[in-house]
Amino acid sequence: MLDIYHDYPLLLLNTFGIQAQAKTCVFIESPQQLQESITVFAGQHKLILGGGSNVVLTQSIESVLLVNRIKGISITAEDDEWIWLTCGGGEIWHDTVMYTINNGWGGLENLSLIPGTVGAAPIQNIGAYGAELKDSFVELTAVNLASGETIVFTHSDCKFGYRESIFKHEAKGKFFIQSVTFKLAKKPIIKTQYGDIQQTLLDWGISNPGVADVSKAVIHIRQSKLPNPAEIGNCGSFFKNPVISQEHFNFLLLSYPSIKSYDAGPGKVKVPAGWLIETAGWKGFREGDYGVHEKQALVLVNYGSATGSNIIALAQRIQADVLHKFQIPLEMEVNAW
Ligand code: FAD
Ligand code: EPU
């Protein structure tokens, strides 16, 4: 049995805190309800919403909105060293991470406190603090929104990259991710090299950290840098960190000796978009109820009543300015609807 809502308000279903409505909205709590919704709404265009932490709503939604609330976590295999965990796509990502940490399993701890759902995590291969979803991912089960067919996507099928997967390209909008299987270590390999993790642990007097310590450090660092969507509307990083040629980077170094960089393979360099946006003068910018966060220039924010169009227009001004000043195009990370 499906509960179908009409003109459903989305304000509380997106972390930007943008007012919009869905003409038809269905909360999907089981694979059976998913199949039923595909039958009931056959031939109609569908959009899928998880936690709404990576979408900008620029208009009301005419498509049928399927909100993923499929829960359930189970161990599907186990040996002396590994646990295979299959999680419903509607599980909250951070709760799932905490469940693995409470069991002492390693793999997801550096991805603590990322908002959203498990089912959305493969879409952009979420990443933070030296880890990416793909490092612990085994496979996912997805349902074709047109035919209702259930398909398993293996690791290689997903074509993961930096904030990339097949679901942002040839498979975009075609599949509902129903569950995701992870392989987690019973003897975790701790990753503390990235950013301030090591220093934070040292400050706390922890020299031999476990997964729970790494998670606490990541949470602590994230809370000091990123705005809490419950207080200021945002979607995390609005743009991807761009990859440019070594030659282009060397040229920029002449004018900007403080520019930061990360290795991105032979002849390529990744530069922090936050640095580019800050250096272009946008950090802390505010106009009406929309702006650029004062502590993290990569995060666009809604202080109250900004619309999705306000946010997109601001993003375009930033893109034009960064292109003009550094000859670097910034690609949006968030999904504009
Ligand atoms: P939604 O915003 O609901 O959806 C995002 C996209 O995925 C949409 O196109 C939607 O249609 C599609 N989608 C959602 N669920 C499914 C499904 N089950 N099947 C098929 N398609 C689906 N991201 C990072 O990678 N690293 C970070 O460190 C990080 N930090 C963040 C910090 C903050 C404060 C915020 C607000 C966001 C941050 N993000 C980060 C971005 C965001 O949390 C991730 O992209 C997350 O995976 C989005 O999950 P969601 O359930 O909210 O997806
Ligand atoms: N920086 C600035 N000014 C700013 C912001 C950043 O100069 O206003 C510089 C910092 O000094 C630092 C560098 O940029 O040297 C990187 O900053 P930070 O460590 O904050 O990370 P980021 O590159 O801005 C990325 C991810 C985040 C992820 C963090 C931690 C992308 C697009 N963003 O941010 O992911 O949490 O690293 O791993 O890759 C997200 O995707 O939504 C997200 C928040």
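Which residue has a side-chain N or O atom 2.8 Å from an oxygen atom of ligand 2? In this predicted model, that residue is glutamine 296. Two further polar contacts of ligand 2 involve glutamate side chains. A nitrogen atom of the ligand is placed 2.6 Å from a side-chain N or O atom of glutamate 278, and an oxygen atom of ligand 2 is found 2.7 Å from a polar atom in the side chain of glutamate 333. Of the accessible area of 820 Å² that ligand 2 has on its own, 84% is covered by the protein.

The shell around ligand 2 comprises 23 residues, of which Tyr129, Tyr162, Glu278, Ala297 and Glu333 come nearest. Glutamate 278 and glutamate 333 thus appear both among these nearest residues and in the polar contacts described above. Two or more residues of this shell come from each of helix 5 (211-225) and helix 7 (273-279). Helix 7 gives the most, with three residues. Sorted by class, the shell around ligand 2 contains 10 nonpolar, five polar and eight charged residues.

The domain assignment divides the protein chain into domain 1 (4-68), domain 2 (73-185) and domain 3 (233-336). Ligand 2 lies between domain 2 and domain 3, because both of these domains give residues to the shell around it.

A second site is formed around ligand 1. Here the shell holds 34 residues, and those that come nearest are Ile48, Gly50, Gly51, Ser53 and Thr117. Polar contacts with ligand 1 involve both backbone and side-chain atoms of the protein. A polar backbone atom of asparagine 54 is 2.7 Å from an oxygen atom of the ligand, and a polar backbone atom of isoleucine 177 is 2.8 Å from a nitrogen atom of ligand 1. From the side chain of arginine 163, an N or O atom is 3.4 Å from an oxygen atom of ligand 1. The protein covers 93% of the 980 Å² of accessible area that ligand 1 has on its own.

Strands contribute to the surroundings of ligand 1. Strand 3 (46-49), strand 8 (127-128) and strand 12 (175-185) supply at least two shell residues each, and strand 12 gives the most, with three. The class composition of the shell around ligand 1 is 17 nonpolar, 15 polar and two charged residues.

The contact between domain 1 and domain 3 was also examined. The C-alpha centres of these two domains are 29 Å apart. Their contact takes 11 residues from domain 1 and 18 residues from domain 3. Together the two domains bury about 1000 Å², with 56% of this area on carbon and sulfur atoms. On the domain 1 side, Phe16, Asn54 and Val56 supply 61% of the area buried against domain 3, more than any other three residues. Asparagine 54 also has the backbone contact with ligand 1 at 2.7 Å.

Tryptophan 84 was considered separately. This residue is found in strand 7 (residues 82-88). Leaving out residues up to four places away in sequence, tryptophan 84 touches Ser74, Ile75, Thr76, Ala77, Glu78, Asp79, Val138, Thr181, Phe182 and Lys183. The C-alpha atom of tryptophan 84 is separated by 9.6 Å from that of phenylalanine 137, a residue 53 places away along the chain.

Conventions:
Residues are numbered from 1 along each chain as its sequence is written. Chains are lettered from A and ligands numbered from 1 in the order in which they are written. This is a predicted model: local features need pLDDT of at least 70, side-chain atom pairs count only at pLDDT 80 or more; totals for chains, interfaces and linings use all residues. Side-chain values use heavy atoms; hydrogens and water are left out. A residue is near a molecule or strand if one of its heavy atoms lies within 4 Å of it. A polar contact is a pair of N or O atoms within 3.5 Å; within protein, one must be able to donate a hydrogen and the other to accept it, and residues adjacent in sequence count only if both atoms are side-chain atoms. Accessible areas come from the Shrake-Rupley method with a 1.4 Å probe; for residues, only the protein chains shown count as cover. Helices (H or I, at least four residues) and strands (E, at least two) are DSSP runs, numbered from the N terminus. Ala, Val, Leu, Ile, Met, Phe, Trp, Tyr, Cys and Pro count as nonpolar, Asp, Glu, Lys and Arg as charged, and the others, Gly among them, as polar. Domain bounds come from an automatic or database domain assignment. Contact means heavy atoms within 4.5 Å. Buried area is the accessible area (1.4 Å probe) that two parts lose on being put together, summed over both.
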